[in-house]
Amino acid sequence: MNTRTVEIGVGVFVALGFAALLMLAMRVSNLAESGGGHGYSVVAHFDNVGGLKVRSPVTIAGVRVGRVSDIRYDSEHYVAAVTMSIEPQFDRIPADSSASVLTAGLLGEQYIGLEPGGDETSLKDGDEIKFTQSALVLEQVVGQFLFSKASEGSK
Amino acid sequence: MTGSLAALGRWAIGVFGRLGRGHLFLLQVLGASATLLPRFGLVVAQIWSVGVLSLLIIIVAGTFVGMVLGLQGYNTLVDFGAEESLGVAVAKSLTRELGPVIAALLFAGRAGSALTAEIGLMKATEQLEGMEMMAVDPLRRVVAPRFLAGLIAMPLLAAIFTAIGVLGGYFVGVGLLGVDDGAFWSQMQAKVELMDDVVNGVVVKSLVFGWVVTWIAVFEGYDCVPTSEGVGKATTRTVVHSSLAVLGLDFVLTALMFNQ
């Protein structure tokens with residue numbers, strides 16, 4: 001095997017390997033859509049976040065506008081403080097918007113849905129979303145249902 | 001009684017002696033590798049034999065593994081009406097486990113055995129001593145280029161295997177079974193993480209596997225009994241030990257990386 005052929009072969013091999021890595025990065029993983037963490041962040045407090053995770057989507061009208069960047073427990077008020085990073089191009093979200101923890105489909109993952117309010121001023125970096133609705137916990141819903149059934153029966 | 005105790009002791013001393021020799025050998029090879037950068041042509045020639053010549057088996061195996069994953073994943077997911085998640089299932093299992101592991105097992109069988117046999121035969125035919133006589137360090141001339149070539153080739157082979165596997169899964173899922181094209185890719189992109197799955201899974205794992213497999217291969221060759229029988233045994237040991245090492249290390253790496 002002469003040196004030239006070997007060099008060309010190895011060149012093709014290395015190029016192929018890097019092309020495969022590039023494909024894995026761009027096409028298979030989410031490098032293309034995640035523009036790095038340079039959005040603005042807003043905070044919301046929930047009584048219960050259910051199965052929400054860091055990097056869960058934040059949507060308005062079903063369109064993803066950001067991601068959850070941090071979830072921590074606020075031990076003063078006994079609630080969960082969720083920090084969301086909203087992408088910079090969505091800078092006109094009314095300040096009195098409400099946030100709720102929703103579930104995609106019956107068994108899907110949980111995400112935050114923002115419902116726009118009517119305020120003229122927009123959310124800025126560090127703002128808090130005041131109106132929140134917690135995740136639906138199945139046991140509590142079933143419990144409430146049984147409770148209301150029982151009180152109906154006793155009437 | 002004393003006889004069997006002595007046999008046990010002899011076995012243990014042999015095992016630990018080999019382990020120690022292997023690690024000293026690795027240090028020497030690393031030292032020799034550092035001096036190799038100005039003569040990178042030697043490494044390129046070895047990348048040809050361990051990397052380029054392994055391409056065919058890697059591509060064929062990757063295609064079929066991806067296609068099987070597509071078929072089996074579809075059969076399981078369609079019961080839950082979740083066949084849109086086929087892309088996620090195929091890509092996650094390939095990037096995290098199957099890609100690096102199967103590529104490393106194939107690499108051990110295809111390239112590792114050849115490395116051991118080549119170096120072992122050089123030793124058996126006294127070519128290594130010949131080099132030493134001519135003041136050429138066989139570690140630098142023979143072993144280090146092969147070690148570096150394995151280290152470079154393995155991640156590239158694993159990446160090619162994984163990418164081809166995803167395409168194989170795409171071919172079966174979207175092409176034959178009728179999963180939605182857009183959902184296949186968009187669900188995959190939503191769930192597969194660049195750092196967690198592609199970098200940790202494919203690149204880091206296969207670097208570790210490439211390191212271990214080539215290390216075992218060149219050591220077995222260099223340390224073999226210089227007879228035709230010894231070379232044969234060393235080649236077998238390379239394949240067995242490096243396959244076991246890959247599977248064991250894969251468990252450790254998975255536990256370290258994905259244990260949240």
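The following exchange concerns a predicted model with chains A and B, and how its features are assigned.

Reader: What makes the pair Asp223(B) and Arg18(B) a salt bridge?

Author: A nitrogen of Arg or Lys must lie within 4 Å of a carboxyl oxygen of Asp or Glu. The side chains of Asp223(B) and Arg18(B) meet at 2.9 Å, N to O. That value satisfies the cut-off, and the pair is therefore called a salt bridge.

Reader: Which parts of chain B does this pair tie together?

Author: Asp223(B) belongs to helix α8 of chain B and Arg18(B) to helix α1 (residues 2-34), so the salt bridge connects parts that are 205 residues apart in sequence. Over all chains, the count by this rule is 14 salt bridges.

Reader: How many salt bridges are there between chain B and chain A?

Author: The count between chain B and chain A is zero. For polar contact, the count between these chains is one residue pair, with both residues at pLDDT 80 or more.

Reader: What, then, is known of the area that chain B and chain A bury between them?

Author: The two chains bury about 2,200 Å² between them, and 80% of it is on carbon and sulfur atoms. On the side of chain B, Trp48(B), Leu156(B) and Gln189(B) lose the most area to chain A, together 27% of what that side buries. In terms of contact, 29 residues of chain B meet 25 residues of chain A.

Reader: Which helices supply the side of chain B that touches chain A?

Author: At least two residues each come from α2 (40-50), α4 (86-124), α6 (138-176), α7 (181-191) and α8 (194-223) of chain B. The most is given by α6(B), with nine residues. Sorted by class, this side of chain B has 23 nonpolar, four polar and two charged residues.

Reader: How is chain B built in terms of helices and strands?

Author: Chain B has nine helices and zero strands. Its C-alpha trace spans about 65 × 55 × 35 Å along the principal axes.

Reader: Why is the aromatic pair of Tyr170(B) and Trp185(B) called tilted?

Author: Two tests apply, one for the distance and one for the angle. The ring centres are 5.2 Å apart, and the limit for a pair is 6.5 Å. The planes make an angle of 35°; stacked requires under 30 degrees and edge-to-face over 60. The angle meets neither condition, and the pair is therefore tilted. Tyr170(B) lies in helix α6 and Trp185(B) in helix α7 of chain B, 15 residues apart. A search of the whole structure finds six aromatic pairs over all chains.

Reader: How do you know that β5 and β6 of chain A pair as strands?

Author: Pairing requires at least two bridges between the strands. Six bridges join β5 (residues 98-103) to β6 (residues 110-115) of chain A, and these strands run antiparallel. The requirement is met, and the strands therefore pair. Ala99(A) stands opposite Leu114(A) in β6(A).

Reader: What makes the pairing in the sheet of chain A mixed?

Author: Both directions occur in the sheet. Three bridges join β5(A) to β8(A), which run parallel, with Ser98(A) opposite Phe131(A) in β8(A). In contrast, β2 (residues 57-60) and β3 (residues 63-74) of chain A run antiparallel and are joined by four bridges; here Thr59(A) stands opposite Arg64(A) in β3(A). The open sheet has eight strands in the order β7-β1-β4-β3-β2-β6-β5-β8, with mixed pairing.

Reader: Why are β7 and β8 of chain A called edge strands?

Author: Strands β7 (128-129) and β8 (131-133) of chain A each pair on one side only, and they are the edge strands.

Note on methods: Residues are numbered from 1 along each chain as its sequence is written. Chains are lettered from A and ligands numbered from 1 in the order in which they are written. This is a predicted model: local features need pLDDT of at least 70, side-chain atom pairs count only at pLDDT 80 or more; totals for chains, interfaces and linings use all residues. Side-chain values use heavy atoms; hydrogens and water are left out. Contact means heavy atoms within 4.5 Å. Buried area is the accessible area (1.4 Å probe) that two parts lose on being put together, summed over both. A polar contact is a pair of N or O atoms within 3.5 Å; within protein, one must be able to donate a hydrogen and the other to accept it, and residues adjacent in sequence count only if both atoms are side-chain atoms. Ala, Val, Leu, Ile, Met, Phe, Trp, Tyr, Cys and Pro count as nonpolar, Asp, Glu, Lys and Arg as charged, and the others, Gly among them, as polar.
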